[in-house]
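Colleague: Please take a close look at one part of this model, the contact between its chains. Begin with the domains, and end with the places that call for some care.

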Amino acid sequence: MIKNKVISRFSFLEFKGVFENYLFILPAVVIFALFYIYPFYEIFNLSLHEWNGISSVRQFIGIDNFKEIMQDKVWWSSMWNAGYITIIALTFQNMLAFSLALSCDRDIRMRKFYRVIFYLPPILSEVVVGLVWQWILNSGVQGGEPIGLLNYFLTKVHLYHLVHNWLSDPKTVLTCIALVHSWKGFGWGFIILLAGLQTIDRQLYEAAQVDGAGVFSIFKNITIPMMMPVFILVMILTILGSMQVFILVLSMVGQGLVYHTEVPVTRILVSMMGTGRFGYACAQGVVFGLILIIGSFMIKKISAKVKQE
Amino acid sequence: MKLSLYLNRYKATKVLGSIFLHTFLMAVAITCLFPLIWMFRSALMTNQTIFVDKGIVPSSIHFENFYLAWTKGGFGMYFFNSVVYTVCVVFGIVIISSLAAYAFSRLKFPGKNLFFYMFLIAMMIPLPGSFVPLYVLMNKLHLVNTRIGYILCMINVGLSLSIYILKTFFDKMPSALEDAARMDGCSKLGIWLHVALPLARPAIAAIVIFNTLTVWNEYILATLLLNDKSLMPLQRGLMVFQGTHSVDYPLLMAGLTITVAPVVLVYLFMQKHIIKGLSAGAIVG
C-alpha cells in the first residue's frame, strides 16, 4: 500500500518534470508552428487555388497555376535574369573573393585593416547599397552636366563615348545590378574562404617546399583540394543568395519595374500585390523553391563525383 | 658574390610582389569605402550645389540636411521604429531561443530530436515567396499594420539559426556548474537564468549581433506588413522617400547616412566580434 503510493508519487513528479521540459520549447514551437509551418502548408494549398487575397471564396483549380507558369514567358525570362546575376556572382565575385583571401592568407602588413574594410559592404542593407549606387550610376543631366558621378567622371576624362544610361538601357542595367550585387557580396565570400585557408596546416606547405614543389604546384595539389568543401559551400550559398536577389533590383531601378530587370521574387510580388493573384504567386514560389533545392542538390552530387575521380 | 646577387634578386621580386599585392588590395578597399564617402559628402550639399560641385570635399558644408531628414523627412520616426523593432525582436529571440536550446541540449523529453530536426530542416529549405502566405496569415489574425505582428514575424525569421548556434554551444559546455546548482536545489528555470545564460555569453553575443543586423536591414516584411508611415522602419522609409517623383538627393543621402551610421559605427568598434559572429552565422545558415 505504502509502496504503491510512493511509486505513483514518483511518476507524478516525473510527469511534471517532463511537462516542465516541454514548457522550455513551447514558445519557440508555437511561433515556429504559426509563422513557419502554417505558411509552409498554406503556400502549397494556395498554389492549387485561384484567389484574389480578399474574397471569401477560394476557387480550387488543381494544377492549372503550374500549367500556366510553364507557359509564362515573363516568369522564365525573370529566371534567366536571376541566372545571369548568379553567373556573374559565381565567377567574378567569388574569384575576386578567393584572390583577396589568398592575398591576405600570409604575413602582410595591414591584413586586419583589409579584412575590416572588405567586410563593410556585406553588413549594409540592400536598400542602402542600391540607393547609393543608383545615385552614382544616375544618368540624368542637369545644366549640361551629368548628375551621376560615373558619367561625370567619364566626361572629365574625355571618354564621351562611354557615357551611358546605365540603369535605363536594357543592355547594361542587369550587368550593373549584378556588379553591385557582387560589390556587396564579395566580402562575405572573402571571410569564409579566408577562414578555410587558415585551417590548412602550414606544415603541408613547408613539406611540399622541402620536396621542391613550385608555387603553382603547391596551389594546385594542396590548396585547391583542401579548399574543395569550402568552395562547394560558398558556391551553394552564392547561388541561393543571388537567385533570390530582388531588393537590390527594386532600389536600383525603382518600383516602376520593366521586364528586362525582373527577377523571380519581383514576379511573385507582382502576382501578389500587382495583379492580386495570391494562388499564382504561391505556385511561383513553390516552383522557384523546387528549382533552388534541385540546383543545390545537383551541385553537391556533381562535386562529390568530381572528388571521387 | 653570386649568392648576394641572387639574394638581391630574391629581395627585389619580393618587394615588387608586395607592392603589387598592396596596390590590388588597396584598390579594392577604396572601392568598398568610396560609395559610403560619396554618400556622406552628398548629404552635406544643397539641392543647388549637388549638381554642380563634384569635389570629394564640398565647397560649402550644410549639416541642415540631417536636421531636415530627421524632422521633415520622417527619419527620426523611422529611426525610433527601427530601434523599437530591433530591441524587441533581439530580446525575444535571445529569451525564446535560449530556452529552447537549453532544453534541446540538457533536458529529457519524448520527441526531443524530432522537434530539434524540425528547426534544423527549416533552416535549410529555401522558401521563396513565403511572404505571401505569411501576409495572408497576418491578415487573418488582424496583425497587419501592427508593431506586434511585425515583431513576431521577425522573431520567427531569426529563431532557427539562433537555436542551432546556442544548442551547439550548450553541447560543448561542461555541465558541472549546472549540476552543482541542481544539488543546491535550484529549479530548472533558475539554472537556465543564473547558470546557463551567463556561461553562454559568447554565443548570445553572436546571435545578438547576427539578429540585430538582420532586423535593422530587413525590408520585405516591413513593406508588406506595415502601411502606416508612423510604423515604418528605416529601410522602408528610404524606399518611400525614393518613390516620390522628384527625389531630393541631399535629403535622401542624409537619410541613408542616418540609416547606415549606427551599423558602421558599431561595426568599426566591435569588428572582431562581429566578423566572428557573422561568419559563424553565415556558415551554418
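Modeller: Chain A falls into two domains, domain 1 covering 2-47 and domain 2 covering 72-308, with bounds that come from an automatic or database domain assignment. This is a predicted model, in which local features need pLDDT of at least 70 and side-chain atom pairs count only at pLDDT 80 or more, while totals for chains, interfaces and linings use all residues. Residues are numbered from 1 along each chain as its sequence is written, and chains are lettered from A and ligands numbered from 1 in the order in which they are written.

The C-alpha centres of domain 1 of chain A and domain 2 of chain A are 42 Å apart. Their contact involves four residues of domain 1 and six residues of domain 2; two residues are in contact if their C-beta atoms, placed from the backbone, lie within 7 Å. On the domain 1 side, three of the residues are nonpolar, one is polar and none is charged. Here Ala, Val, Leu, Ile, Met, Phe, Trp, Tyr, Cys and Pro count as nonpolar, Asp, Glu, Lys and Arg as charged, and the others, Gly among them, as polar. Chain B is also divided, into domain 1 (2-64) and domain 2 (75-243), and the C-alpha centres of these two domains of chain B are separated by 39 Å.

Now the contact between the chains. Chain B contributes 65 residues to it and chain A contributes 70 residues. On the chain B side, the largest share is that of helix H1 (residues 2-43) of chain B, with twelve residues; helices (H or I, at least four residues) and strands (E, at least two) are DSSP runs, numbered from the N terminus. By class, this side of chain B has 49 nonpolar, 13 polar and three charged residues.

Two residues of chain B show the contact in detail. Leu134(B) is part of helix H5 (residues 131-140) of chain B. Leu134(B) counts as buried because it has 24 C-beta neighbours inside 10 Å; the cut-offs are 20 or more other C-beta atoms within 10 Å for buried, 12 or fewer for exposed and anything in between for partly exposed, with C-beta atoms placed from the backbone. Apart from its neighbours within four places in sequence, Leu134(B) is in contact with Phe35(A) and Pro39(A) from chain A, and with Cys153(B) from chain B. Its C-alpha atom is 19 Å from that of Ile121(B), 13 residues away along the chain. The second residue is Ala100(B), which touches Phe24(A), Ile25(A), Ala28(A) and Ile163(B) when residues up to four places away in sequence are not counted.

Ala100(B) also leads to the largest nonpolar core, where Ala100(B), Ile177(A) and Val132(B) touch the most other members among the 151 residues. Such a core is a set of buried Ala, Val, Leu, Ile, Met, Phe, Trp, Tyr and Cys residues joined through C-beta atoms within 7 Å. Helix H3 (residues 75-106) of chain B supplies the largest share of this core, 14 residues.

In chain A, two helices differ in how they are covered. Helix H4 (residues 111-118) of chain A has Tyr114(A), Ile117(A) and Phe118(A) buried. These three span an arc of only 95 degrees around the axis, so they are on the same side of H4(A); the arc is that of the directions from the helix axis to the C-beta atoms. Helix H9 (residues 202-210) of chain A is hardly covered, with zero of its nine residues buried. After H9(A) comes Gly212(A), with a positive phi near 85 degrees.

Two residues other than glycine also have a positive phi. Met110(A) has a phi of about 60 degrees, in the loop between helix H3 (73-104) and H4 of chain A. Met110(A) is partly exposed because it has 14 C-beta neighbours inside 10 Å. His142(B), with phi near 55 degrees, is in the loop between H5 and helix H6 (147-172) of chain B. His142(B) is exposed because it has 9 C-beta neighbours inside 10 Å.

Last, confidence. The predictor gives the complex an ipTM of 0.91 and a pTM of 0.91. Chain B has an average pLDDT of 89, and 95% of the residues score at least 70; pLDDT is the predictor's confidence in each residue, from 0 to 100. Among the elements of chain B, H3(B) has the highest mean, 96, and helix H13 (residues 271-284) of chain B the lowest, 69. Where pLDDT is low, the predicted coordinates should not be read in detail.
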